[in-house]
Amino acid sequence: MDWKKTAKEWMLPIAMTAGAALYLAYYFMPAVHTAGPVLERGVRIVQPLIIFAMLFLTFCRIEPKDLKPHRWHWWLLLIQGGSFTFAGAAILLIKRFLPGSEGAIVLIESAMLCLICPTATAAAVVTKKLGGDVAGITTYTILINLLTAAIVPAIVPLIQPSAGTDSFTAFCMILSKVFPLLILPCFCAWLVRYLLPRLHRKLAAKADLAFYIWAVGLCLAIVVTTKAIVHSTMGIGLLLSIAAVSLASCIVQFWLGHVAGGFYDKVRKGPSMLRSREITCGQSLGQKNTVFAIWMGYTFLTPETSIAGGLYSIWHNLYNSWQIHQAEKAYNTETDNNTTI
């Protein structure tokens, strides 16, 4: 067995396990708790740098002319924006006709968070591993972040008027999160492309570097998720219900993405078990920026909903791990068959 190949194939579950183990080891070792504030500040500094580095490397490998909207982008935006708006309307109806249903409202808000959350910056990395359209999903990542910045300030004050944040302030807060980690890497990558072409060629040749950087980022994300679950004060029943809602949201969005992509891609490409557009649309809808979701949960919605974002990171990364395993398996089978022939 090639252990390097196996480790690469299962990099995501390894990173997830390492993240959970690291926090649990810290939690059960009181002697190191004094270092907690320093470690937390370190994670908050490193996470944005990792996201920036991943997107920077991704943009280095994409021609600017390839970043253009496609018809399938508008369908996915309609799915995310429409489902978020519908869920918001459902909360307003519950508050109007079923007062006292706080538990149901928390679950619907959790679903809203999972539905409108923008595509993960690492989605382009996973999409490339699966044989999808990197430029297409990168364009969609930009579009869904802009939609989120517009629709969340419009809907959230209606369902959470006690949040104390007006629409313009909420818009500015979201934009301040989006710009440094989405637009700035694009700008820097294009500067390097045109001003330092030799460096650009070297960076573009590092095909798997972004994937390994994402593995580190995933490990840190699971550390944060594990901390949120361990320190949660909500009842086990509500916690399990939120977990079920986030899992259902993950399944439905990947499924809708694959279905939508199937209408635009009829030709199977590469060794992947899925077609290129199916992969791209599935990752666009299903793989979420869960760090952003956690922040949106405790900033704009009922704070308990932030757990949904953390749990979602587990579900979508488990599915991504399975997809990568299947893609590698299909590739190895195809390679063996060609060798035999």
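**Exercise 1. Get to know the chain.** Find what share of the residues counts as buried, and how many helices and strands there are.

*Solution.* Of the 341 residues in the protein chain, 47% are classed as buried. Keep in mind that this is a predicted model. Next, look at the elements: the chain has 14 helices and 0 strands. Now turn to the contacts. Among those with a separation of 6 or more, 84% join residues that are 24 or more positions apart. Finally, consider the outside: about 16600 Å² is exposed, and carbon and sulfur atoms supply 70% of that area.

**Exercise 2. Check the confidence.** What is the mean pLDDT of the protein chain, and what share of its residues reach 70 or more?

*Solution.* The mean pLDDT is 83, and 89% of the residues reach 70 or more. One stretch to treat with care is residues 267-274, where the pLDDT is below 50. In the model, this stretch still has 18 contacts beyond near neighbours in sequence.

**Exercise 3. Explore a nonpolar patch.** Which helix gives the largest share of the nonpolar patch?

*Solution.* Start with the members: Phe179, Ile183, Leu184, Phe187, Leu191, Tyr194, Leu195, Leu196 and Leu199 make a nonpolar surface patch of about 880 Å². The largest share, 7 residues, comes from helix α8 (residues 167-195). Then pick one residue to inspect. Phe179 sits in helix α8 and has a relative accessible area of 44%. Partly exposed covers the range between 20% and 50%, so Phe179 is partly exposed.

**Exercise 4. Classify a ring pair.** Decide how the rings of Phe52 and Phe56 are arranged.

*Solution.* A pair of aromatic rings is described by the distance of the centres and the angle of the planes. For Phe52 and Phe56, the centres are 6.4 Å apart and the planes are at 10 degrees. To pair, ring centres must lie within 6.5 Å, and planes under 30 degrees apart count as stacked. The pair is therefore stacked. Where does it sit? Both residues belong to helix α3 (residues 36-60), and being 4 residues apart, they are separated by about one helical turn. Phe52 is partly exposed at 22% relative accessible area, whereas Phe56, at 15%, counts as buried. The whole structure holds 9 aromatic pairs, and Tyr23, Tyr26, Tyr27 and Phe28 form one aromatic cluster.

**Exercise 5. Follow the salt bridges.** Which parts of the chain are linked by the pairs Glu40 with Lys227 and Arg193 with Glu63?

*Solution.* The count of salt bridges comes to 4. In one of them, the closest N and O atoms of Glu40 and Lys227 are 3.3 Å apart. Glu40 is in helix α3 and Lys227 in helix α10 (residues 209-230), so this pair links distant parts of the chain, 187 residues apart. Both partners are partly exposed, Glu40 at 31% and Lys227 at 33%. Arg44 joins Glu40 and Lys227 in a network of salt bridges.

Now take Arg193 and Glu63, which meet at 3.4 Å, N to O. Arg193 lies in helix α8 and Glu63 in the loop between α3 and α4, so the pair ties together parts 130 residues apart in sequence. Arg193 counts as buried at 13%, while Glu63 is partly exposed at 36%.

**Exercise 6. Visit a loop residue.** Is Thr302 buried or exposed?

*Solution.* First locate Thr302: it is in the loop between α13 (290-300) and α14 (306-340). Its relative accessible area is 17%. Buried means under 20%, so Thr302 is buried. Leaving out residues up to four places away in sequence, Thr302 touches Val106, Glu109, Gln160 and Gly297.

Note on methods
Residues are numbered from 1 along each chain as its sequence is written. This is a predicted model: local features need pLDDT of at least 70, side-chain atom pairs count only at pLDDT 80 or more; totals for chains, interfaces and linings use all residues. Side-chain values use heavy atoms; hydrogens and water are left out. Helices (H or I, at least four residues) and strands (E, at least two) are DSSP runs, numbered from the N terminus. Buried means under 20% relative accessible area, exposed over 50%, partly exposed in between (1.4 Å probe, protein chains only). Contact means heavy atoms within 4.5 Å. Accessible areas come from the Shrake-Rupley method with a 1.4 Å probe; for residues, only the protein chains shown count as cover. pLDDT is the predictor's confidence in each residue, from 0 to 100. Patches are made of residues with over 30% relative accessible area and no salt bridge: like charges are joined within 9 Å, nonpolar side chains (Val, Leu, Ile, Met, Phe, Trp, Tyr) within 5 Å. A salt bridge is a side-chain nitrogen of Lys or Arg within 4 Å of a carboxyl oxygen of Asp or Glu. Rings of Phe, Tyr and Trp (its six-membered ring) pair if their centres lie within 6.5 Å; planes under 30 degrees apart count as stacked, over 60 as edge-to-face and the rest as tilted.
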